[in-house]
Each structure stands twice: as structure tokens, then as C-alpha cells.
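Good morning, colleagues. I would like to take a few minutes to introduce a structure that is new to this group.

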Amino acid sequence: MDGSDEQEAAFYAIIDADGRIEPRDDMPEAYRRSLVRQIAQHAHSEIIGMQPEGNWISRAPSLRRKAILLAKVQDEAGHGLYLYAAAETLGVSRDELLDKLHTRRQKYSSIFNYPTLTWADVGAIGWLVDGAAITNQIPLTRCSYGPYARAMVRICKEESFHQRQGFEALLALTRGTPEQKAMAQDALNRWWYPSLAMFGPPDTEGGGAKRSTHTEQSMRWGIKRFSNDELRQRFVDMTVPQADVLGLRMPDPDLRWNDERGHYDFTPPDWDELFAVINGDGPCNAQRIEHRVSAHHEGQWVRDAASAYAAKRQRHLEGVA
Ligand code: BYC
């Protein structure tokens with residue numbers, strides 16, 4: 001978009017009519033940049049998110065659990081693929097985005113900087129992390145940018161299956177021995193607040209916390225449909241009754257139903273911790289990036305072989321034609 005009033009009016013007419021912006025449509029440069037920022041962060045989260053769970057593939061407690069976990073981790077790679085492809089429609093290459101991830105110039109979700117210490121953590125990730133992801137991502141199926149919205153439809157369907165498998169894995173533990181139930185409770189204790197932090201900083205500044213900087217503009221552009229706090233509340237309201245079914249206690253003494261608000265009151269996560277983790281200071285940040293970079297280097301021969309095969313096939317097709 002060259003910034004002419006006419007082009008800008010056409011863009012906002014589509015946004016105001018709740019229509020979709022497609023790759024060839026004119027769009028403000030700031031809209032394009034903000035989408036690249038969010039989609040790249042989302043894609044990076046999917047592929048970095050393979051690591052904490054991948055850690056348990058070789059130690060899954062049964063063949064059935066191993067097969068399910070393998071499939072789930074492969075799904076995350078697929079989600080990364082859809083999202084990098086959606087970002088590419090905005091004029092950035094996958095190599096460029098991966099380079100920014102590897103050199104820490106782009107972010108990924110804070111949640112994946114926490115360690116998976118026991119098998120119950122795999123269940124907790126499915127139940128809580130995928131549960132939070134769905135809550136955040138269902139509204140993104142109505143995002144104003146067509147390729148991102150369409151990618152989210154398929155991703156949400158798969159995340160919903162992931163959430164159920166996590167819940168079911170935890171249910172098996174909570175119905176098991178006292179040690180297994182304690183392991184499930186310990187996983188909930190460690191993953192609850194980091195899951196709440198996935199929704200991002202609060203809408204308004206409070207208690208010295210930093211606040212969400214992009215929400216207002218992203219909502220005006222129809223990228224985000226709800227604020228970080230609205231989605232966090234929705235997640236809490238959905239998850240507390242599920243903890244009751246599991247027979248687990250939420251690690252928040254102030255969590256209670258508020259009849260007046262029609263929502264649960266709850267203790268927010270520690271915002272200083274969220275910002276420390278976002279800025280590279282979480283328990284596993286260094287390990288996650290190192291592992292990612294070395295996997296990328298080790299996979300170079302696969303990419304080379306795939307390109308050589310594609311080039312050979314192309315030459316063959318041209319020869320035939
Ligand atoms: N972690 O103004 P704000 C998944 C950054 S699930 C790290 O509120 P925005 C999966 C934010 O980027 C996870 N960074 O930003 C599930 C911004 O920094 P920049 C991925 C965070 O964009 C299971 C600054 O803080 N999901 O993939 O309006 C298995 C200010 O924040 C976080 C998505 O990415 C955080 N928790 O809202 C495997 C969903 N929170 O960019 C995989 C799509 C905030 O200015 N993304 N920041 O440097 C979104 O919905 C939004 O981008 C967010 C943040 C709600 C995350």
C-alpha cells in the first residue's frame with residue numbers, strides 16, 4: 001500500500017465489514033508487519049513446543065501412549081508448517097524467520113521454557129497448554145487475514161484432540177495409585193501459572209506490571225478479537241470444573257466463583273516472571289534455542305537432498321515435455 005487515502009479507505013472498509021484481507025490486497029505496512037510478528041511467534045512456538053514433549057517419547061509408559069505422543073508432536077510440526085506458509089504470503093521467507101528465531105530476534109511462547117520433569121507433565125501440557133492454546137486460537141479462526149484464519153481452523157481441530165488426550169492421560173494417573181495422583185497434582189502445581197501467562201501481559205497496568213502493547217491496535221485491525229485478560233478469564237472458567245473431574249486441587253488459595261461477576265476470581269501469574277522468561281531468562285530458554293539450532297544444522301543434508309531431488313525431477317519433467 002502506498003499510503004493513499006483511497007487504498008486505506010478500501011482496507012478499512014473490508015475490516016469494518018468483518019471481511020477478509022487476502023495476500024494480494026493492499027494493506028498498511030504496519031498491519032503486515034504486526035501479522036508477520038504474531039504469525040512468526042506462533043509458528044516458532046509450535047516447533048519449539050515439540051521439545052518439552054519430545055523429551056518423553058522414548059520414556060512413554062506404554063506403546064499406546066508412545067504412539068499417541070509421537071502423533072501429537074508430529075502434529076505440532078505440521079502446525080508450524082501451516083503457519084510459516086501463512087507468513088510467507090506476507091512476503092517473508094521461512095529461512096529469514098528461522099534465522100530470526102535462532103538469533104533470538106523473534107519470540108516464541110514463554111510456556112516452552114519450562115522443563116517436563118515427569119510423565120504427568122505430558123498430560124498437563126495437553127490439558128492446560130493445549131487448552132489455553134485453543135482458547136486463544138479459536139477467535140483467530142476469525143482473524144481478518146485470510147491465510148492465518150484458515151490455517152487456524154485446521155490447527156484448532158487438532159489442538160482440541162490434543163487437549164482431550166492430555167486430560168485423558170491425567171485422568172488415568174488421578175485414578176491410579178496415590179503416587180500417580182500426587183505426580184498429576186505436582187504437574188498441575190507447576191504448569192498452572194505458566195499456562196495463565198501464555199495469554200500475555202495484562203490489559204491494564206497494575207501492580208507495576210507491564211501491560212499488553214499490541215492489543216488495542218490488533219483488535220482495531222480484526223487480528224485479535226478479545227483481549228489477553230478476557231481470554232485468560234475464559235480459560236480459567238473452562239478449566240476449573242475440569243480440575244474437579246480430575247479430582248485435582250488448583251494451586252491458588254484465592255480461586256473462587258464470583259456470583260456477581262459470573263466468573264471465577266483467581267490470582268494472576270507473576271508478571272515479572274513472565275517478562276523474565278520472555279526476555280530469555282527462563283529455566284530452559286538457552287537449552288531450547290541450542291537444541292533448535294543444532295537440529296537445524298544436522299538437518300541440512302535432508303534439505304539439500306530434498307532440493308537436489310526436486311531439481312532432478314524438474315529436469316526430468318522438462319525433458320519429457
Ligand atoms: N510468551 O502486546 P502483547 C502453541 C510478547 S501455543 C512470549 O499482549 P500480542 C502450542 C508479545 O509477543 C503458543 N511472548 O502482544 C500449544 C509482545 O512482544 P513483541 C503460541 C509473549 O501479540 C501446544 C509483548 O510480549 N500461540 O503454539 O497482542 C503445543 C507484548 O504482548 C507472551 C500463539 O502465538 C508469551 N506468553 O499478544 C505446541 C497465539 N505474551 O512482539 C504449541 C498467537 C506476550 O512486541 N499469538 N508476549 O516483541 C497471540 O495470540 C498473541 O501474539 C499473544 C500476545 C496473546 C501471545
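**Pockets, core and one buried serine**

Let me begin with the largest pocket: α2, α4, α6, α7, α9, α10 and α11, the last spanning residues 271-281, each supply at least two residues of its lining. Please keep in mind that this is a predicted model. Among these helices, α6 makes the largest contribution to the lining, with 7 residues. The pocket holds about 1,200 Å³ of space. Its lining comprises 50 residues, and those nearest the centre are Gln41, Ser109, Met198, Phe199 and Gly200. By character, the lining consists of 19 nonpolar, 18 polar and 13 charged residues.

The second largest pocket encloses about 460 Å³. Of its 18 lining residues, Ile47, Leu98, Arg292, His296 and Arg303 are the closest to the centre. Two or more lining residues come from each of α3 (50-54), α4, α5, α12 (285-298) and α13 (300-320). Here α4 gives the largest share, 5 residues.

I turn now to the interior. The largest nonpolar core has 72 residues, and the members touching the most others are Tyr31, Ile39, Trp127, Tyr145, Tyr148 and Trp191. Helices that give two or more residues to this core include α1 (5-16), α2 (29-48) and α7 (146-174). Beyond its sequence neighbours up to four places away, Trp191 touches residues including Ile111, Tyr114, Pro115 and Leu128.

Finally, is Ser218 buried or exposed? This residue, located in helix α9 (residues 215-220), is buried, because its relative accessible area is 1%. Leaving aside neighbours within four places in sequence, Ser218 is in contact with Ser34, Arg37, Ile223 and Lys224.

Conventions. Residues numbered from 1 in each chain as written. Predicted model: local features only at pLDDT ≥ 70, side-chain atom pairs only at ≥ 80, totals over all residues. Heavy atoms only, no water. Helix = DSSP H or I, 4+ residues; strand = E, 2+ residues; numbered from the N terminus. Buried < 20%, exposed > 50% of the residue type's maximum accessible area, 1.4 Å probe, protein only. Contact = heavy atoms within 4.5 Å. Core = buried A, V, L, I, M, F, W, Y, C linked by side-chain atoms within 4.5 Å. 1 Å grid on protein atoms, 1.4 Å probe; cavity = no way out; pocket = protein on both sides within 12 Å on 5 of 7 lines; lining within 4 Å. Points joined across faces, edges and corners; volume = space filled by probe spheres on them. Nonpolar A, V, L, I, M, F, W, Y, C, P; charged D, E, K, R; others polar.
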